[in-house]
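User: I'm new to this structure and would like a close look at a single part of it. Could you walk me through it in plain words?

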Amino acid sequence: MSKFKIPVQTVHSGILQENAIMLGDKSMKRLKIPAHGIIQLSFGSFRQEVTVIPVPKADSLRVSEGLARRLGWRGRPVLNASYSTGSRILRLGPLIGVLVSRDHPDQPDRVFGQITMFCRELTNACQAQGAYVYFFTPEALETRSSSIQGWVYDEGWRKLSLPVADVINNRLTTRKVENKPSVQHFLADVKSRYGTHFFNEKFLDKTEVFEALAQDTALQRYLPESHALTGFAILKKMCNSYSSVFLKPVRGSLGKGILRISREEGGGYRLLSTTPMGTRKQSYPSLAKLFQSISPKMKTTRFQIQQGLNLMELGKRPVDFRALVQKNGTGKWGVTSIVARTAGSNHFVSNLARGGTLSTVKEAIGKSSLPAGMKESSQVQLPRAALAIARGVETFIPAHFGELGIDLALDQSGRIWLLEVNSKPSKNDNTPLNDQKIRPSVKQMILYCRYLAGL
């Protein structure tokens, strides 16, 4: 099966019917397509028999306006093409769909809110790699159909009817939307009807991740002691074992709702909680009194209780590391980037949403008080740990993931610990968005989509 890119042109419907395509003879030779033969054209879920009309001394593909409209093509895309002589199918693409939470049609420059620039960047990257991408919301799935109302970019955002994609990336931002019956039914339907690949198909919760990874003895060294917070008994046991513990919402993100409990010198307990303005401090004469104050939160939020760690610090601010681990063009996990995140001045968590700052791993470790011998080895061991954890998630959690945000930490002796695994890593907090430059993480995502689609 031959593969290469073909530039696409649209011609007037009066010149060319929808059941015919014009193909440059150079492309036909390379693809081994018979002249004036009838083949099947395939783009995402779209399938149609077409007659091939050769065009001398050309390598482009020309289709009628009507066919281009049914395919959702705007402008002059350049697409990867492959032809199977056995089945006589000419496949174009891949067609990539990105499922986003909401759109804002009345805001042309911010159609997708904060991730609009990422969507533009992904569109540009697809054009460079011979793929075609559109963006759609759960509202597009309310009616069962073989086409989807999605957004494409061509000198502005336009909403068009498009085929179901070869590969769908789930960028939904809430579990509530992800679990809607219309979304779950659509995903099951397109997988079975069209063989659509769907990755990052679910949110992870913290207890699920730690319990899954604990099944692998090689990964246990990265796991701080961690349990579901079921009542006072487990809180007392953990506080007796460690000088500090963290309570983390099982389904939280961006550092919201995290509590830190530590013993005070006088025998009482201190509770630190994250707020948008900084850290709130409260003292209690006993652990029982502290538990009494947080019990109402436990009625609405499930917490994971985790061993407190004596983290590496810069200027008395804790530091952790966000690794972006992605599947590549051969379907294997690789580390695309790792950045160090230092907590803001009034915070005990490092998330950028809480005032944290970014630096390179080398810079952060270099400025730290880690033992000299640990500084060099830590830079090698951090990506190794991230890769091992990604493989562990894939092995022990039954879902398809194409990228993971893995939060790691070093304690003051240089030991690596896992803090959290995020199946919806942010597209606007690790590296600056640039209108011209396409980030490696975006290129990697398309390579994985091409791998999944076989294009």
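How is the chain divided into domains? After that, please zoom in on the hairpin that β6 and β7 form, and tell me about what surrounds that part.

Analyst: Happy to. Keep in mind that this is a predicted model. The chain is split into domain 1 (5-93), domain 2 (95-199), domain 3 (225-307) and domain 4 (311-423). To get a feel for the layout, take domain 1 and domain 3: their C-alpha centres are 62 Å apart.

Now to your hairpin. Its two arms are strand β6, residues 78-84, and strand β7, residues 89-93. The two strands run antiparallel, with 5 bridges joining them. As for cover, 5 of the 7 residues of β6 are buried, so that strand is mostly tucked away. One facing pair to look for is Ala81, which sits opposite Leu92 in β7.

Between the two arms there are 4 residues, and the one to notice in this turn is Arg88. Its phi is positive, near 60°, and Arg88 is not a glycine. With a relative accessible area of 35%, Arg88 counts as partly exposed, because that value falls between the 20% and 50% cut-offs.

You can find another positive phi in Lys57, again a residue other than glycine, with a value near 50°. Lys57 belongs to the loop between β4 (46-55) and β5 (61-64). Its relative accessible area is 74%, so Lys57 is exposed.

Back on the hairpin, follow β7 to its end. Gly93 and Pro94 are joined by a cis peptide bond, with omega at about 10°. Pro94 itself is in the loop between β7 and β8 (95-100).

Leu92 is a good place to look inward. Leaving out residues up to four places away in sequence, Leu92 touches Leu41, Ser42, Phe43, Leu61, Trp73, Leu79, Asn80, Ala81 and Leu455. Leu92 also has a part in something wider: the largest nonpolar core has 45 residues, and those touching the most other members are Ile21, Ile33, Leu61, Trp73, Leu90, Leu92 and Phe136. Helix α5 (residues 181-194) supplies the largest share of this core, 4 residues. Domain 1 and domain 2 both give residues to this core, so it lies between them.

There is also a second, separate core of 37 residues, and its members include Phe210, Ala340, Ala385 and Ala399. Phe210 is one of the buried residues of helix α6, along with Lys206, Thr207, Val209, Ala212 and Leu213. Since 6 of the 8 residues in this helix (206-213) are buried, α6 is largely enclosed by the rest of the structure. What do those buried residues pack against? Their partners are β14 (226-228), β15 (244-249), β19 (303-307), α10 (372-396) and β25 (416-422).

Ala385, from that second core, also gives you a sense of distance. Its C-alpha atom is 53 Å from that of Glu18, with the two positions 367 residues apart along the chain. Glu18 lies in the loop between β1 (2-11) and β2 (20-24). It is partly exposed, with a relative accessible area of 31%. Setting aside residues up to four places away in sequence, Glu18 touches Gln48, Val50, Ser64, Gly66, Leu67 and Arg70. With Arg70 there is a polar contact between the two side chains, at 3.1 Å.

For another polar contact, go to Lys327 in strand β21 (residues 317-327). The side chains of Lys327 and Glu394 are joined by a polar contact of 2.7 Å. Lys327 is buried, at 5% relative accessible area. Apart from neighbours within four places in sequence, Lys327 is in contact with Lys332, Trp333, Glu394, Phe401, Gly402, Gln444 and Tyr448.

Last, a word on the cysteines. A disulfide is a covalent bond between the sulfur atoms of two cysteines. This structure has 0 of them. Why does Cys119 not form one? Its sulfur is 11 Å from the closest cysteine sulfur, in Cys126, which is too far for a bond. Cys449 also has Cys126 as the residue with the closest cysteine sulfur, at 7.3 Å, and that is too far for a bond as well. Cys119 is buried, with a relative accessible area of 0%, and Cys449 is buried at 0% too.

Terms used: Residues numbered from 1 in each chain as written. Predicted model: local features only at pLDDT ≥ 70, side-chain atom pairs only at ≥ 80, totals over all residues. Heavy atoms only, no water. Buried < 20%, exposed > 50% of the residue type's maximum accessible area, 1.4 Å probe, protein only. Contact = heavy atoms within 4.5 Å. Core = buried A, V, L, I, M, F, W, Y, C linked by side-chain atoms within 4.5 Å. Domains from an automatic or database assignment. Polar contact = N/O pair within 3.5 Å; in protein donor to acceptor, adjacent residues only side chain to side chain. Pairing = 2+ DSSP bridges. Disulfide = S-S within 2.5 Å.
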